[in-house]
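Reader: I would like to see the reasoning behind the labels. Please take me through them one by one.

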Amino acid sequence: MGSANLSEAAYLPGTVTRSVKLLLAGHFGVGKTTFVGSVSEIRPLRTEELITEASVGIDDLAGLPGKSSTTVAMDFGRRTFGAVALYLFGTPGQHRFLPMWDELARGALGALVLVDTRRLDQSDEILSAVEKRGLPYAVAVNEFDGCRRYPPEEIRAALDLAPETPLTVCDARDKSSSAKALIVLVEYLTSRPELLP
């Protein structure tokens, strides 16, 4: 996106009548920073730091060739759909940063949980953290290049998702694909009036 587009998108359109805070959650290396960067219409805020030797034995880099940085606080972006502005707060994925989630989740209407089928077991702690905070959520499988694809019912069973929990797929690098995943979450939230303030 060019700088002219970024400056034009910096201000909310006059058509926006409602804003919503959403979390973007997922385990370490699942693509949260990439997702926020692709879907945000404003320059995203990132709190990336280089991965150093101090993380050896703490951060599992298996299956993440070339990963050299990690989010240490949050990612932040904004995406508008008609009259609604979505404020996206990407959470850090490592266990040691879970205490920050209480502040990030404050005021959030729901969460989109990104998962990676190569490391699906690492999603359990994240799903528990979202559920512990009482946030309704949808799950989006970030389909990495070359990773095996599974039928939705197998992923749903592996994650032990409730039947009503939306499950979709996305490519976090692609603006349109990421936007569609957000729409799945928003449609789920708006279909359940008891979830809306």
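Author: Start with strand 4, residues 84-90, in this predicted model. Five of its seven residues are buried, so strand 4 is largely enclosed by the rest of the structure.

Reader: What makes strand 1 and strand 4 a pair?

Author: Pairing needs at least two bridges between the strands. Strand 1 (residues 18-26) and strand 4 share seven, in the parallel sense. They therefore count as paired. Within this pairing, Leu22 stands opposite Leu88 of strand 4.

Reader: Where do these strands sit in the overall layout?

Author: The protein has six helices and seven strands. From the N terminus the order is α-β-α-β-β-β-α-β-α-β-α-β-α. Of its 197 residues, 48% count as buried.

Reader: Why is Asp160 called exposed?

Author: Its relative accessible area is 68%. Exposed means over 50%, so Asp160 qualifies. Asp160 lies in the loop between helix 5 (152-159) and strand 7 (167-170). Its phi is near 55 degrees, a positive value in a residue other than glycine.

Reader: Which residues form a negative surface patch with Asp160?

Author: Asp121, Asp124 and Glu131 join Asp160 there. Asp and Glu count as negative, so the patch is called negative. A patch residue also needs over 30% relative accessible area, and Asp160 at 68% therefore passes that step.

Reader: How do you know that Arg106 and Glu103 form a salt bridge?

Author: Their side chains meet at 2.5 Å, N to O. The limit is within 4 Å, so the contact counts. Both Arg106 and Glu103 are exposed. A search of the whole structure finds eight salt bridges.

Reader: Why can such side chains pair at all?

Author: Side chains of opposite charge can pair when their charged atoms come close.

Reader: Are Asp116 and Arg119 buried or exposed, and what are their values?

Author: Asp116 has a relative accessible area of 0%. Arg119 has 6%. Buried means under 20%, so both are buried. The closest N and O atoms of Asp116 and Arg119 are 3.2 Å apart, which means that they form a salt bridge by the 4 Å rule.

Reader: What makes Arg149 and Glu143 partly exposed?

Author: Arg149 has a relative accessible area of 43%. Glu143 stands at 25%. Buried is under 20% and exposed is over 50%, so both residues fall in between. Their side chains meet in a salt bridge at 3.5 Å, N to O. Elsewhere, salt bridges that share partners join Asp116, Arg118 and Arg119 into one network.

How values were computed:
Residues numbered from 1 in each chain as written. Predicted model: local features only at pLDDT ≥ 70, side-chain atom pairs only at ≥ 80, totals over all residues. Heavy atoms only, no water. Buried < 20%, exposed > 50% of the residue type's maximum accessible area, 1.4 Å probe, protein only. Helix = DSSP H or I, 4+ residues; strand = E, 2+ residues; numbered from the N terminus. Patch = residues over 30% accessible without salt bridge, like charges linked within 9 Å, V, L, I, M, F, W, Y side chains within 5 Å. Areas by Shrake-Rupley, 256 points an atom, 1.4 Å probe, with all protein chains shown as cover. Charge placed at Lys NZ, Arg CZ, Asp CG, Glu CD.
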